[in-house]
Every structure is written in C-alpha cells, then in structure tokens.
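The following note is offered to a colleague who is beginning to read protein structures. Please keep the sequence and the model in view while going through the numbered points.

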Amino acid sequence: MVHLKVDISKAVEFVTGEETARFQAEISRHRKSLYNKTGKGSSFLGWVSLPGSISESLFLQLEGDAAKIRHMSDVVVVCGIGGSYLGARAVIDALGNPFQPLLPKTHKSDPAIIYAGHHLDENYTARLLNLLDTVNYSVIVISKSGTTTEPAVSFRLLKNHIEKKYGTAEASKRIFAITDANKGALKNLATAQGYSTYVIPDDVGGRYSVLTPVGLLPVAAAGFNIRKIIEGAFAMETHLRTSENLSENQAATYAVARNILYRKGKTIELLAGYNPSLNFLIEWWKQLFGESEGKDNKGIFPAGIGLTTDLHSMGQYIQEGLRNIFETVLAIENTQAVVEIPVDPADLDGLNFISGKRINEVNRMAKLGTMMAHIDGGVPNLEISIPDLNERNIGELIYFFEMACGLSGYLLGVNPFDQPGVEAYKKNMFALLNKPGFEKESADIRKRL
C-alpha cells in the first residue's frame, strides 16, 4: 500500500478527464518500454527495479560504515555535485532538525552534515577548511569519474587537509568513496589508499541515484533509517508496476497532466512546498526534470518556490504575470510537532481570531487560499500529497518522481536518461583554463573574447 496521492481535479479547466483518458494507450506503451528496457536511454534504467534489488549485505555495509562515521565525527563533509549530492541533501534536510548544528553537544548525537564540491566559491571553501581545523570529521566523496571539476577540486583540498590533520593512515579510515566499480581517478585512488568504497551502478544515472549508496550512505550517516526509505520506494515500485490503469497510477497521472498543460502553452512548472524542509527536495526535483526533459529545444522549465515565503516576493508574478505557468503543490498533511497560537489580551496584532489554532492549520488554510487565488488567476494547480514527512514516505516520493519523470520524458519525445548539453560549459571552462588537450579550443575561445 502506498500513501502518496496525486490530485489533478483543480486543473480540470485545462486538463479534462476525457483528455487524460486519451493517453492510456500511449502511457501503456511507454511503461512497457521502461519495464522491458526497450525505450530511449535503455542502458540507464537500473533505477526502475532498484528498490526491490538492494541486498542485505549492502544494507549491512552501509549501516556499519554509517555507525563508524557517526562514532568518530562531529561533522561529515559530503563532497559531490548534481545527482551526487542533491538527493542525499534533499532527504537529510527534509527529515532533519534545521537547528541541529547549533544544539549543544550534550543535546545531540548526530553529526552535522555539510557539503563541498557543489560549486567553486573560494570564500566558502576557505571557511569550510577553517571549520575543519576545529572539529573531528569524515569525508564522503561521490564521483563516478573522480575528475568532475567542482568535486575534484574540493576533494583535493579535503584530502590534503585530512591527511595533514590525522596522518595518512587515519585519514584513509575517515574517507569513504562512492564511485565507478572498475575505473576512474577516484576508484584508483580509493583502491590505492584503502578507502571504504561503494559502487555507483553503471545503469543508474546521477540524478536517479539517490536510492543507491550515493544517497543512502550520507543519509545513514546523518542518522536516518535507510531501510524504511527503501521500503517506501519498493512499495511505490510495486504499486506503479501493477497499476495498468492510468487513473490508478499516480506517476502516469502526473506525467500526463503536465504534458497536457505543456501542449497548451504552460511551459513553466512551479513546484511549491509549504514546508521549508522541502526546499532541497525541490532542488533535487529541478535537476531530475530539468536534466531529463530539456533537450531538442523542448521541455517544461522546472522552477521551485517556497511558500508562504515566496508569496511575498514571487506571488505577484504568479498571480498576474505571463500565463505560461502551472503549479504543482507538494503537500504534507500532518506534522510531528504541535504548536498552538496563544491568546494575547491586548490583541494589538489582531490575531486572536486564530488563537488556539495550530500553526499547521493556518498553513493549510494558506495553502488552500493560495491555490484558489492562483487558479482564479489562470494558473492550473496539481497537488501531490503525503500524510507525514518520514523515511517511508520520502522513499515513496522519490521513486514516484523518478517514474513520473521517465514517463513524462517519453511523452515529450526525448531521451530522459542522457544529458549531452551539460558538457558545453565544461569545454569552454577547460579551454579558458588551458587544460592540456584543449589547445585549439583555447585559441578559438580567446579570439571570441
């Protein structure tokens, strides 16, 4: 049984039941292509059956290393970029206490998870290295090749720092590598130095890798139950595989609705969360859909908004700007905490009318009121909801989005599992930095400058 729900009824003016039903045959064809691995990008479909194929030995290795990391570390540095870090950060931020790093040590047992290798900011890097002078830490480095510029630069600095701080032998016990099974700079280094090493499966692309060790080791090190995450993902995998009817298949429903809207000129999708803990899940979703669908001069542009915060910045545009957008609301029905708004005898702020109500109830009314306003303003609204924010439901949500993305890409007519466009900036950067082998490109680009 799965808990995630998709509601497209609020977009009925733009997405009718009759229109949706017409996609049944096409969706059935694309589902077969995914499950039989016969569609575009078929060599990168390992994620489709991944939740049900994780072995007990891998769970035990992950949990054992996570326990070691937690025992010896106040801080864990996760070094990666794109799919090599966004999925883990999405889960950790969603499930974690945002104030955990500020708690006194006597009140916390989980290490603080911080990130490196996801940009090239020198000030950030310097401050990170200064912090690491003062704490016990470990490093989880994630890279298929070991040569992607941003994480490679950061890991070179981290490796140098950790070896100076602890010595080479101890540093090797504090570095955990997630990389290719057989080749690449990081794999060779990990073998030579004796790092505890995990494999990024060849048939799973980076943005689909959160349910591999890429995501699972950092999440386990942060103190969360990775078995529950996989349990939820497997439940969703099983449900979607057996749900032939489009109306019963949440991933197919979402994929079809967004493609109908796209064909009607709604070329920008806003994924809206009403809980700040979802901000990096939205960032992960942006990469998943943006890198999967933005090809051949096609694709829905994925953007994220955090509400109600962004109602005070982007709200005006959403309500009355160019009508090429639709909104997908990511909703959490319940919260673990209970905070009630108190009565104030003076009532100077005029809020006594909501005294006694929980903040979650006010947030829910804000969500409903905003959805109604945006619909009235010509912005169709879809809704994806889970009952609670916990490991199992996060697992459901991750797999749901992955399957929806694969189906949506096929409906769009692109290969949702490659990313040829991401190489363009790298070639220019390497040429500008005079990388060996790029002499001709260097000469050409400097003429343009």
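1. Does Thr20 count as buried or exposed? The model is a predicted one, and in it Thr20 has a relative accessibility of 11%. Because residues under 20% relative accessible area are called buried, Thr20 falls in the buried class. Thr20 belongs to helix α1, which covers residues 17–21. Beyond its neighbours within four places in sequence, Thr20 is in contact with Ile8, Val15, Leu246, Val256 and Ile260.

2. The chain as a whole may be considered next. Its secondary structure amounts to 17 helices and ten strands. For 449 residues, a compact globule would be expected to have a radius of gyration near 22 Å, and the 23 Å of this chain agrees with that expectation. Taken along the principal axes, the box filled by the C-alpha atoms is roughly 60 × 60 × 55 Å.

3. Burial, surface and contacts can be described for the entire chain as well. Of the 449 residues, 51% count as buried. The chain exposes about 20600 Å², and carbon and sulfur atoms supply 56% of this area. Among contacts with a separation of 6 or more, 78% are made by residues 24 or more positions apart. The chain carries 47 positive and 49 negative charges, and the mean positions of these two sets lie 6 Å apart.

4. The student should then turn to Leu411, which is placed in helix α15. With a relative accessibility of 6%, Leu411 counts as buried. Not counting residues up to four places away in sequence, Leu411 touches Phe23, Glu26, Ile27, His30, Ala255, Val256, Asn259 and Arg263. Val256 is therefore a point to find in the model, since Leu411 touches Val256 and Thr20, counted as buried, is also in contact with Val256.

5. How far apart in space are Leu411 and Phe99, C-alpha to C-alpha? The separation is 42 Å, and the two residues are 312 residues apart in sequence. Gly206 and Gly83 provide another pair to examine: they are 123 residues apart along the chain, while their C-alpha atoms are separated by 4.5 Å. Gly206 is in the loop between β6 and α9 and counts as partly exposed, at 37% relative accessibility.

6. Aromatic rings merit a separate point. A search of the whole structure finds 14 aromatic pairs. In one of them, the rings of Trp47 and Tyr208 have centres 5.0 Å apart and planes at 25°, so this pair is stacked. The pair links distant parts of the chain, 161 residues apart: Trp47 is in the loop between α2 (24–36) and α3 (56–72), and Tyr208 is in the loop between β6 (196–199) and α9 (213–221). Both residues, Trp47 and Tyr208, are buried.

7. Phe289 and Phe401 also form an aromatic pair; this one is edge-to-face, with 6.3 Å from centre to centre and 85° between the planes. Because Phe289 lies in helix α12 (residues 279–293) and Phe401 in helix α15 (residues 391–412), the pair ties together parts that are 112 residues apart in sequence. Phe289 and Phe401 are buried. They are members of one aromatic cluster, which is formed by Tyr254, Trp284, Trp285, Phe289, Phe400 and Phe401.

8. Several details of the backbone deserve attention. Which two residues are joined by a cis peptide bond? They are Leu307 and Thr308, and omega is about 15°. Thr308 is found in the loop between β8 (301–306) and α13 (315–320).

9. Positive phi values in residues other than glycine should also be noted. Lys37 has phi near 60°; Lys37 sits in the loop between α2 and α3 and is partly exposed, with a relative accessible area of 38%. Asn297 likewise has a positive phi near 60°. Asn297 is located in the loop between α12 and β8, and at 87% relative accessibility Asn297 counts as exposed.

Conventions: Residues are numbered from 1 along each chain as its sequence is written. This is a predicted model: local features need pLDDT of at least 70, side-chain atom pairs count only at pLDDT 80 or more; totals for chains, interfaces and linings use all residues. Side-chain values use heavy atoms; hydrogens and water are left out. Helices (H or I, at least four residues) and strands (E, at least two) are DSSP runs, numbered from the N terminus. The radius of gyration is taken over C-alpha atoms; the globule rule is 2.2 Å times the number of residues to the power 0.38. Buried means under 20% relative accessible area, exposed over 50%, partly exposed in between (1.4 Å probe, protein chains only). Contact means heavy atoms within 4.5 Å. Accessible areas come from the Shrake-Rupley method with a 1.4 Å probe; for residues, only the protein chains shown count as cover. Lys and Arg count as positive and Asp and Glu as negative; His and the chain ends are not counted. The place of a charge is taken as NZ of Lys, CZ of Arg, CG of Asp or CD of Glu. Rings of Phe, Tyr and Trp (its six-membered ring) pair if their centres lie within 6.5 Å; planes under 30 degrees apart count as stacked, over 60 as edge-to-face and the rest as tilted.
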